[in-house]
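Visitor: I'm new here, so please pick one part and walk me through how it fits with its surroundings.

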Amino acid sequence: MDIASEVIQSILVKFKSERKWTLQALAQLSEEDITWSPTPESNSIANLVSHIRGCVHSRIETIYFDIPDTRDRDKEFEPGLQLSHEETYRMAAEAFDIIIQYFEHLQAHPELLLSQPFINRPPLTYSQVDNETTALNLMIAMVREIHYHTGQIIYAAKMRKGQLEWQYD
């Protein structure tokens, strides 16, 4: 196996694991838990999931599915954002499914790692990557971004529930 394939495989395993643990945590929460935030300045789990979904939309759906970027990042962080438990769970599952699908595509085409998927697109907004970024840099940015926010989600879930129950398989 070459280094490109190994990197993609490692990141793919990471996202599958993040999906599993995040969805397990969300499944144990109530609607009130989803919209709760520890302070008025803090994000709720609804905000964090909405933000993850927005990141996936603007960074992956726009290039992989050629969907126009309609993201409203400010809305993702609105205080008091109301999402139902079902909406939150669905958005999180959808975001991870899109990430995994994209990385499986890269796994089948590792030569795309050094491609610049945004080069001929409108300027990126609200992003830590620019239009000249490579697919590899996008992968690294997504690992950092998603892991950071899933950690916040699980921490907030533990603040609300105390002990969470995990299913190991």
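Guide: Two residues touch, or are in contact, when heavy atoms lie within 4.5 Å. This is a predicted model, where local features need pLDDT of at least 70 and side-chain atom pairs 80 or more, while totals for chains, interfaces and linings use all residues. Numbering starts from 1 along each chain as its sequence is written, and side-chain values use heavy atoms, without hydrogens or water.

Try tryptophan 166, in the segment after helix H6 (135–161); helices here are DSSP runs (H or I) of at least four residues, numbered from the N terminus. Leaving aside residues up to four places away in sequence, Trp166 touches Trp21, Gln24 and Ala25, along with Ile154 and Lys158. So is this tryptophan buried or exposed? Neither: tryptophan 166 is partly exposed, because its relative accessible area is 22% (buried is under 20%, exposed over 50%, partly exposed in between, with a 1.4 Å probe and protein chains only). Alanine 156 sits ten residues from tryptophan 166 in sequence, and their C-alpha atoms are 16 Å apart.

For another view, look at serine 44, in the loop between helix H2 (31–35) and H3. Serine 44 counts as buried because its relative accessibility is 3%. With residues up to four places away in sequence not counted, serine 44 touches Ile34 and Thr35, plus Trp36 and Ser37. A polar atom of the serine 44 side chain also lies 3.3 Å from the backbone nitrogen of alanine 46.

Definitions and conventions. Helices (H or I, at least four residues) and strands (E, at least two) are DSSP runs, numbered from the N terminus. A polar contact is a pair of N or O atoms within 3.5 Å; within protein, one must be able to donate a hydrogen and the other to accept it, and residues adjacent in sequence count only if both atoms are side-chain atoms.
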